[in-house]
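Got your viewer ready? Let's walk through this one selection at a time.

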Amino acid sequence: MQHKKNAGRIVIGEDTATIYRQGVSSPDIAKILGRETTTEGEIIYLDRRTHFDDGAEFDDGWVASGAFVTQLTRAVQNLA
């Protein structure tokens, strides 16, 4: 699947995720509802929708999707 590339990065903390976008002065901050680690990668569920485009991919490998909340996924090869 082809993802739309976003210039920005996501910083995952213990309880929150901070989304920094190029050209936007203030970041979006959302609470983390849950985390999963699978053989394919990592999934993080946020408490609200923070992405503009479904399937948006950030510079650090996170892909954002979801209708009502944001689900961040990152493949194993992007884990560091």
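## Starting at a loop

Select Asp53 to begin: you'll find it in the loop between S5 and strand S6 (56-58). This is a predicted model, so treat every value here as computed. Is Asp53 buried, exposed or something in between? With a relative accessibility of 29%, Asp53 counts as partly exposed. Now add Gly66 to the selection and draw a distance between the two C-alpha atoms: 9.3 Å separates Asp53 from Gly66, and the two are 13 residues apart along the chain.

## Zooming out

Switch to cartoon. The protein has zero helices and eight strands, so reading from the N terminus you get β-β-β-β-β-β-β-β. The chain runs to 80 residues, of which 34% count as buried. Take the contacts between residues at least 6 apart in sequence: 35% of them join residues at least 24 apart. Turn on the surface and about 5100 Å² is exposed, with carbon and sulfur atoms supplying 50% of it.

## Hairpins at the front of the chain

Color strand S2 (residues 8-12) and S3 next. These two run antiparallel and are joined by five bridges, and the hairpin between them passes through three residues. One pair to pick out is Ile12, which stands opposite Ala17 in S3.

Then bring in S4. S3 and S4 also run antiparallel, with four bridges joining them. Thr16 stands opposite Lys31 in S4. In this hairpin six residues sit between the strands, and Gly23 takes a positive phi near 85°.

While you're in S3, click on Thr18, which has its place in that strand. Thr18 counts as buried because its relative accessibility is 12%. Which residues does Thr18 contact, leaving aside neighbours within four places in sequence? Show Arg9, Ile10, Val11, Pro27, Asp28 and Ile29.

## The nonpolar core

Show these as spheres: Ile10, Ala17, Ile19, Ala30, Ile32, Ile44, Leu46, Phe58, Trp62, Ala64 and Leu72. Together they are the largest nonpolar core, with 11 residues in all. Strand S3 (16-21), strand S4 (28-37) and strand S5 (41-46) are the elements that give two or more residues to this core.

Center on Ile10. Not counting residues up to four places away in sequence, Ile10 touches Ala17, Thr18, Ile19, Phe58, Asp60, Trp62 and Leu72.

## Strand S8 and its partners

Leu72 leads you to S8, residues 71-75, where the side chains alternate. Leu72 and Arg74 point to one face and are buried, while Gln71, Thr73 and Ala75 point to the other and are not.

Which strands should you color alongside S8? One is S5, which pairs with S8 in the antiparallel sense over five bridges. Another is strand S7 (residues 63-65), antiparallel to S8 over three bridges. Leu72 links up the view: Ile44 stands opposite Leu72 in S8, and Ala64 stands opposite Leu72 as well.

Follow the chain from S7 into S8 and you trace a hairpin with five residues between the strands. Gly66, the residue from your distance check with Asp53, is in this turn and has a positive phi of about 130°.

## Two salt bridges

Time for the charged side chains. Side chains of opposite charge can pair when their charged atoms come close. How many salt bridges does the structure hold? There are two.

Select Arg21 and Asp28 for one of them: their side chains meet at 2.8 Å, N to O. Arg21 is buried, with a relative accessible area of 12%, whereas Asp28 is partly exposed at 24%.

Now go to Arg74 and Glu42, whose side chains meet in a salt bridge at 3.6 Å, N to O. Arg74 lies in strand S8 and Glu42 in strand S5, so the pair ties together parts that are 32 residues apart in sequence. Both Arg74 and Glu42 are buried.

## Last stop: a surface patch

Go back to the surface and highlight Leu33, Phe68 and Val69, which make a nonpolar patch of about 360 Å². Leu33 has its place in strand S4. Is Leu33 buried or exposed? Leu33 counts as exposed because its relative accessible area is 60%, and the cut-off for exposed is over 50%.

Key
Residues are numbered from 1 along each chain as its sequence is written. This is a predicted model: local features need pLDDT of at least 70, side-chain atom pairs count only at pLDDT 80 or more; totals for chains, interfaces and linings use all residues. Side-chain values use heavy atoms; hydrogens and water are left out. A nonpolar core is a set of buried Ala, Val, Leu, Ile, Met, Phe, Trp, Tyr and Cys residues joined through side-chain atoms within 4.5 Å. Buried means under 20% relative accessible area, exposed over 50%, partly exposed in between (1.4 Å probe, protein chains only). Contact means heavy atoms within 4.5 Å. Two strands pair if DSSP finds at least two bridges between them. Accessible areas come from the Shrake-Rupley method with a 1.4 Å probe; for residues, only the protein chains shown count as cover. Patches are made of residues with over 30% relative accessible area and no salt bridge: like charges are joined within 9 Å, nonpolar side chains (Val, Leu, Ile, Met, Phe, Trp, Tyr) within 5 Å. A salt bridge is a side-chain nitrogen of Lys or Arg within 4 Å of a carboxyl oxygen of Asp or Glu.
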